[in-house]
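User: I'm new to reading protein structures and would like to practise on one. Could we go through it together with a few questions?

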Amino acid sequence: MNSFSRLGIKDGVAKAMTDMGWDEPTPVQTDAVPVGLEGHDILVQAQTGTGKTGTYGSIILSRIGSGYNIPSALIITPTRELALQVSEELSKLSKYTGHRCLPIYGGVNIERQAAEVKKGVDIVVGTPGRVKDLLNKKALRISKVSICVLDEADRMLDMGFAKDLDYILSWLPKKRQNMMFSATMPDEVKKLAVNKMRDPKEILVSKDEIVLDLIDQRYMIADKDTKKDALCTIFDKERQKTIVFMKMKHRCTQLGRKMKNTGYSVDVIHGDIAQNRRERVVREFKEGSIDILIATDVAARGLDIDDVGLVINYDMTDPETYVHRIGRTGRAGKRGIAYTFVLDENEEKDLRRIARVNNVEIRKVEMELVHHEANRNANPEPAKKNVPVRDREKKPRNKGEEKKRKNVPESFDMISLNLGSDDDLVKRDICDFIQISSGVKNASIGRIDLKKDVTYVEIDSKLVDKVCRSLAEYDFDGKSIVVKRMD
Ligand code: AMP
């Protein structure tokens, strides 16, 4: 008997937990699992990083059978990233029990997902919109679901999913077990619990005890002219896997471009970036081939990465989002550092309020910023490829050589994109978009001709295939990018 089976978790599941390298249940698992295993509805206040997926996962896998044709458990998550992560963790936990788990989310082919559902699945993990669509298509049957989980309930309500949740829950059998997990407990979440749950047992896992205690929280004054240098200076000092949070999608893209040009290994995730590209970026970040991930709050929800050492709040935020953001570090028992940039005294006051609300200390720090020029090559490898200084001093002998010297492409090909001024874009945005999506340099992009619903862009002939392939992976505000070569 291990410490997990002592909580009442089925042996096969408890064994899978130890196989995953887990020694002891986390506090939320200790408190919530025995109550959930008795079949009670539970309302749990716990953040990502506390072991909440293991909590409801072990309850589900211990309580439902496997191998049925239609699902016995439904888990609803606010984002595709979280749906994928939860599904991955459940698949690992069901190593010995053989439960089939399927993630379903928007942005991918619905027919393919419907076909997967049809093959037979025990647990569905889905985002509200896609679950609703599959129900409406009669491609998903949830009439035999005996356990329903709402994960990150506060975030789902924030994202405007209340009606969808209501609709989905109306399809479920009345007799079922409900589990709701939420990082915060605003009135809307409590109301949802009162309306949809049967006498839930409330389990409150103290935030500071679980995650925030492990995070050294600091802030510094930095305005728009110094923030980037502050970020580089901090990263150079800490050299840890870093997530930078920003509010606006287009500013993520801009910062990503500047950081790349300064020589850092960085990538960006936000809502306009296609699902498959986001997944790739997150995978690369997890594996360590990207050092810095710049993300919007929504895109970063539910990211399950244990070894993030540093979180930077590039923009100020509200108390709840603050906790969600910095909770990306200090996970799984490891220490983390979180910096917040405040613009002025007003923001400083706001941050003090955040510290009060969350009952934490956020220390003010001052540091000498190192100015980081764009095109600085932080990576010594590419630096070797630079033209040696003595060559640069030589006068170019002919035009071709001059072009090579200045990195100007010898020829351009024209492509068209189905984006234009109707999408609220200017030429600079198109240029940023191409650079971020395909990693090409500014110099590889020639003339840009922006029309209402189409843009013609010249691309270095040598890179045009790569650019077309990369762009085709992207969405822009939910619109798939169509890119054509104009031969
Ligand atoms: P979650 O709160 O579900 O996002 O889990 C955060 C991280 O903690 C995940 O990487 C889990 O795999 C891990 N985890 C969950 N339970 C345990 C445990 N009892 N011991 C060690 N790690 C755990």
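Analyst: Happy to help; this is a predicted model, and the questions below go through its strands, a helix, two loops and the ligand.

User: Let's start with strand E9. How many of its residues are buried?

Analyst: Strand E9 covers residues 242-246. On one side sit Thr242, Val244 and Met246, and on the other Ile243 and Phe245, all of them buried. The strand is therefore largely enclosed by the rest of the structure, and the count of buried residues is five of the five.

User: Why do those names split into two sets like that?

Analyst: Here a general rule helps: in a regular strand, side chains alternate between the two faces of the sheet. In E9, both faces are covered. One side has Ile243 and Phe245, while the other has Thr242, Val244 and Met246.

User: Which residue stands opposite Phe245 in E12?

Analyst: E9 and E12 run parallel and are joined by four bridges. E9 is also joined to strand E11 (residues 292-296) by five bridges, again running parallel, and there the bridge partner of Phe245 is Ala295. In E12, the residue opposite Phe245 is Asn313.

User: Now strand E8. How many bridges join it to strand E13?

Analyst: Strand E8 spans residues 215-221, and five of its seven residues are buried, so the rest of the structure largely encloses it. It runs parallel to strand E14 (residues 363-364), with two bridges between them, and Arg218 stands opposite Arg363 there. Towards E13 (residues 336-342), which also runs parallel, Ile215 stands opposite Gly336. The number of bridges between E8 and E13 is seven.

User: Is Asp315 buried or exposed?

Analyst: Asp315 belongs to the loop between strand E12 (310-313) and helix H15 (319-326). Its contacts beyond the neighbours within four places in sequence are Lys227, Phe245, Met246, Lys247, Arg251 and Arg325. A residue counts as buried under 20% relative accessible area. At 7%, Asp315 is buried.

User: Which side chain makes a polar contact of 3.2 Å with the side chain of Asp315?

Analyst: Among the residues in contact with Asp315 are Lys247, Arg251 and Arg325. The polar contact of 3.2 Å joins the side chain of Asp315 to that of Arg251.

User: Asp272 is in a loop too. What is its relative accessibility?

Analyst: The loop holding Asp272 lies between strand E10 (266-269) and helix H13 (275-287). Its side chain makes a polar contact of 3.4 Å with the side chain of Lys249. Asp272 counts as buried, with a relative accessibility of 8%.

User: Which residue just after helix H6 takes a positive phi?

Analyst: Helix H6 covers residues 128-136, where Pro128, Arg130, Val131, Leu134 and Leu135 are buried. Their cover includes strand E2 (73-76), helix H5 (110-118) and helix H8 (162-170). Just after H6, a positive phi of about 60° is taken by Lys138.

User: Finally, the ligand. How much of its area does the protein bury?

Analyst: Of the 17 residues around the ligand, Glu24, Gln29, Gly49, Gly51 and Thr53 come nearest. By class, this shell has three nonpolar, eight polar and six charged residues. A polar backbone atom of Glu24 is 2.8 Å from a nitrogen atom of the ligand, and a polar side-chain atom of Gln29 is 2.9 Å from a ligand nitrogen atom. Taken alone the ligand exposes 500 Å², and of that the protein buries 87%.

Notes. Residues numbered from 1 in each chain as written. Predicted model: local features only at pLDDT ≥ 70, side-chain atom pairs only at ≥ 80, totals over all residues. Heavy atoms only, no water. Buried < 20%, exposed > 50% of the residue type's maximum accessible area, 1.4 Å probe, protein only. Pairing = 2+ DSSP bridges. Near = heavy atom within 4 Å. Polar contact = N/O pair within 3.5 Å; in protein donor to acceptor, adjacent residues only side chain to side chain. Areas by Shrake-Rupley, 256 points an atom, 1.4 Å probe, with all protein chains shown as cover. Nonpolar A, V, L, I, M, F, W, Y, C, P; charged D, E, K, R; others polar. Contact = heavy atoms within 4.5 Å.
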